[in-house]
Amino acid sequence: MSLDGYDLLVEEFKFLLEIEKPKTAEEKRVAAALGDRSENADYQAAKEKLRFIDKRLFYLDKMIKAATVIDPSTHSHQKVSFGSTVTIVNIDTDEVEKYTLCGVLESEIENGLISIHSPLAKAMIGKEEGDDFKVKLPKGVKEYEIELIEYINIFSLKKNIRTKKDFSFH
């Protein structure tokens, strides 16, 4: 994943651990002090919210520990690699498509950000401008030519960047 993607995961992890979880634990404590917990909706809601926070913290911790952080701005992008923005032409239809190769958690196919593990990305890796390649897709085998390889920051292309508002459980 990119450094920006990694930083966003760490930011969410810290927010949940240091702000959201203590706040929710306090809500649970206050609700518990009101009496019968079995019929206390506020207590049950806070308890469930804590469960969601803990699950998300576990997931984020796992992703952070497993992450391989790559700074694509340091690559030459003479050949397609992680972080490359690649303009390709469908040889059969002359249709032009543009994709940026990124990490799984950063991908937004609707915005041209595709996972480095996708079949299309795997077929492009290591290719240079002017190279042809074939890729087996769900609708059959397609052949493309690489028209342009460039570097554009992944996060400048993203439209769905999570913020602190998105980190909270409502």
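These are my notebook entries on a predicted model, covering its overall form, one strand residue, its salt bridges and its two largest pockets.

**Entry 1: overall form**

I began with the elements. I found 5 helices and 5 strands in the protein. Reading from the N terminus, I wrote down the order α-α-β-β-β-α-β-β-α-α. Helix α1 covers residues 3-32, and helix α2 covers residues 41-66. Strand β2 spans residues 96-102.

Next I looked up the dimensions. The C-alpha atoms fill a box of roughly 70 × 35 × 25 Å along the principal axes. What radius of gyration does the protein have, set beside a compact globule of 170 residues? The protein has 22 Å, while such a globule would have a radius near 15 Å.

I then checked burial and contacts. Of the 170 residues, 36% count as buried. I also took the contacts between residues at least 6 apart in sequence; 56% of these join residues at least 24 apart.

**Entry 2: Y99 in strand β2**

I picked one residue to follow, Y99, which sits in strand β2. Is Y99 buried or exposed? Its relative accessible area is 15%, and the limit for buried is under 20%, so Y99 counts as buried.

I listed what Y99 touches, leaving out residues up to four places away in sequence. The list reads S84, T85, V86, I88, I109, G112, I114 and L120. Among these partners, I looked again at G112. Y99 and G112 are 13 residues apart in sequence, yet their C-alpha atoms are 4.6 Å apart in space.

**Entry 3: salt bridges**

I kept one general point in mind here. Side chains of opposite charge can pair when their charged atoms come close. How many salt bridges does a search of the whole structure find? The search gives 11. I went through several of them.

The pair E12 and R56 came up with its closest N and O atoms 2.8 Å apart. This pair links distant parts of the chain: E12 belongs to helix α1, R56 to helix α2, and 44 residues separate them. I checked the accessibility of both partners. E12 is buried, at a relative accessible area of 3%. R56 is partly exposed, at 23%.

I turned to K65 and D61. Their salt bridge has its closest N and O atoms 3.1 Å apart. Both residues lie in helix α2, 4 residues apart, which is about one turn of the helix. K65 has 67% relative accessibility, and exposed begins over 50%, so K65 counts as exposed. D61 is partly exposed, with a relative accessible area of 25%.

Then I looked up K79 and E128. Their side chains meet in a salt bridge at 3.9 Å, N to O. Where do K79 and E128 lie? K79 is in the loop between α2 and β1, and E128 is in the loop between α3 and β4. Those two residues are 49 apart, and the pair links distant parts of the chain. K79 counts as partly exposed at 44% relative accessibility. E128 is partly exposed too, at 36%.

One more item went into this entry. E20, K23, E27 and K49 are linked in a network of salt bridges.

**Entry 4: the largest pocket**

I moved on to open space. The largest pocket holds about 250 Å³. It is lined by 15 residues, and those closest to its centre are L8, L9, L105, E106 and R162. Which elements give two or more residues to this lining? They are α1 and α2. Helix α1 supplies the largest share, 4 residues.

I sorted the lining by class. It divides into 7 nonpolar, 3 polar and 5 charged residues.

**Entry 5: the second largest pocket**

The second largest pocket has about 220 Å³ of space. I wrote down its lining: M1, M63, A66, A67, T68, I70, F82, G103, V104, L105, I116 and H117. What is the lining made of, by class? I counted 9 nonpolar and 3 polar residues, with no charged residues.

L105 caught my eye. It is listed among the residues closest to the centre of the largest pocket, and it also appears in the lining of the second largest pocket.

Definitions and conventions
Residues numbered from 1 in each chain as written. Predicted model: local features only at pLDDT ≥ 70, side-chain atom pairs only at ≥ 80, totals over all residues. Heavy atoms only, no water. Salt bridge = Lys/Arg side-chain N within 4 Å of Asp/Glu carboxyl O. Buried < 20%, exposed > 50% of the residue type's maximum accessible area, 1.4 Å probe, protein only. 1 Å grid on protein atoms, 1.4 Å probe; cavity = no way out; pocket = protein on both sides within 12 Å on 5 of 7 lines; lining within 4 Å. Points joined across faces, edges and corners; volume = space filled by probe spheres on them. Nonpolar A, V, L, I, M, F, W, Y, C, P; charged D, E, K, R; others polar. Rg over C-alpha atoms; globule rule 2.2 N^0.38 Å. Contact = heavy atoms within 4.5 Å.
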